[in-house]
Amino acid sequence: MHFFSYKGNELYAEDVPVRELAERYGTPLYIYSHETILRHFRAYDEAYRGFPHIVCYALKANTNSAILRLLARNGGGADIVSGGELFRALKAGIPPKKIVYAGVGKTEQEIRFALKTGILMFNVESVDELAEIDRIAGIMKKKAPVALRINPDIDPKTHPYISTGMKENKFGIAIETALEHYRAASRLKNIEVVGVQKHIGSQITTLSPFVDALKRILTLFDELNKRKFDIRYLDIGGGLGIPYSDEKPPVPNDLARRLLPILNGRKITLIMEPGRSIVGNAGILLTRVLYLKKSGRKNFVIVDAGMNDLMRPSLYDAYHRIIPAVKRRRPQVTADVVGPICESGDFLAKGRRIEKAERGECLAVMSAGAYGMSMSSNYNSRPSLAEVLVKGKKHNLIRKRGDYGDLIRDEMVPGYLA
Ligand code: LLP
């Protein structure tokens, strides 16, 4: 569900024609819908109403400060994976006690920052990391709250690059050895074991991997409780998919209806870490057609957004629907929609049936709110894109377009070359 739809021939973001946004802010442009983000966040919050829970939004999906503030205002927490994300979360007003910290490579500086902040818990991914957190907490005279991230060895049936809960993935601690790791953790002086966490992958479109993974984790949870561990938090990660084309993924409520009965009265606070399912369909990438080109039998639509602005198609062969900002009666053609980057892998769509594009018109790349801007780069020295948040008839620039000066601002030329 989202608020990007045609009214007459014009594509609207909520109550604003996207064509007007292109004129006002230029292209390429990321456009987000306030109502869509809020609706998706609330869908989680309401699905678990009555059960103690924290919705820790996975910042990595989209880190824009305005979006973080919108979620913070509505009670959202944060799932972070770096000191930078911690900084952003705090700046947006997310309370430390709603922040969980994952990632296999936390540095000393990052661990110190999180301990000083007093986050809810570290989701620890290895024995080495546990020892490091214990050592640093000791120096800082703190007790570090931790959950162990458990790898339940479940196949989430998603793209191999975004599956994380199988044995061959680098994430988490194998479930078979979990108990001994918990015992070891409980012997560390500066560690307080408070939780169990799992996250099995992303863009998961069926319920069974979530159900199977939760059941496996609960066996461990019950085992731990029997052995007098005080596990207060059960963090089930994120990963719920969204419709990019004709997938019909479950919604948060479907998931809650399956998971809550399995939890069956256990006294815990449930934590979830959704990213994509909150912001994915709440954003589009608006791009302008620069040129049309025919090469042999192939049609190319050359647009002003490239793989550096939205790398999902190039990186995962991901499908994003592409539709015109203004509909016209026109034939369909098969074309590659490509960007200006000097790589053959720079495409937004390959061999796609689309409405025949015209030079100068705008196209909307749909479902680009998650892992779009947050994974973008300045490759080919292309300034960062602008981002706009639409709320009803109002629209606000929430990130200004970068300029050429930004590209070299942090670079330095040694004196002997000056
Ligand atoms: N929690 C942890 C520990 C994660 O690693 C992730 C995503 C999430 C939560 C949020 O997952 P979500 O609800 O968004 O599926 N760049 C890829 C997706 C990478 C996901 C990485 N981890 C893409 O564009 O498809």
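**Stop 1: the cavity.** This predicted model holds one cavity of 30 Å³ or more. Its volume is about 70 Å³. To find the cavity, select the lining residues Tyr44, Tyr48, Phe210, Ile236, Gly237, Gly238, Gly239, Leu240, Leu255, Met272 and Pro274. Color them by character: eight are nonpolar and three polar, with no charged residue in the lining.

**Stop 2: the ligand.** Move on to the ligand and show its surroundings. There are 18 residues around the ligand. Ser202, Glu273, Arg312, Tyr316 and Tyr371 come nearest. Now look at individual contacts. Start with the Glu273 side chain: an N or O atom there sits 2.6 Å from a ligand nitrogen. Then pick Tyr316, where a polar side-chain atom is 2.7 Å from a nitrogen atom of the ligand. For Gly275, show the backbone: one of its N or O atoms lies 2.9 Å from a ligand oxygen.

**Stop 3: strand β19.** Select residues 362–365, which form strand β19. Are its faces covered or open? Both are covered. Cys362 and Ala364 are buried on one side, Leu363 and Val365 on the other.

**Stop 4: the partners of β19.** Add strand β14, residues 283–295. β14 runs antiparallel to β19, and four bridges join the two. Zoom in on Arg288 of this pairing: its bridge partner in β19 is Cys362. Next add strand β16, residues 322–324. β16 also pairs with β19 in the antiparallel sense, over three bridges. Which residue of β19 is the bridge partner of Ile323? Select Ala364 to see it. Cys362 and Ala364, the residues named in these bridges, are on one side of β19 and buried.

Terms used: Residues are numbered from 1 along each chain as its sequence is written. This is a predicted model: local features need pLDDT of at least 70, side-chain atom pairs count only at pLDDT 80 or more; totals for chains, interfaces and linings use all residues. Side-chain values use heavy atoms; hydrogens and water are left out. On a 1 Å grid over the protein atoms alone, a cavity is a set of points where a 1.4 Å probe fits but cannot get out, and a pocket is an open set with protein on both sides within 12 Å along at least five of seven lines; lining residues have an atom within 4 Å of a point. Grid points are joined across faces, edges and corners, and a volume is the space filled by probe spheres set on the points. Ala, Val, Leu, Ile, Met, Phe, Trp, Tyr, Cys and Pro count as nonpolar, Asp, Glu, Lys and Arg as charged, and the others, Gly among them, as polar. Buried means under 20% relative accessible area, exposed over 50%, partly exposed in between (1.4 Å probe, protein chains only). Two strands pair if DSSP finds at least two bridges between them. A residue is near a molecule or strand if one of its heavy atoms lies within 4 Å of it. A polar contact is a pair of N or O atoms within 3.5 Å; within protein, one must be able to donate a hydrogen and the other to accept it, and residues adjacent in sequence count only if both atoms are side-chain atoms.
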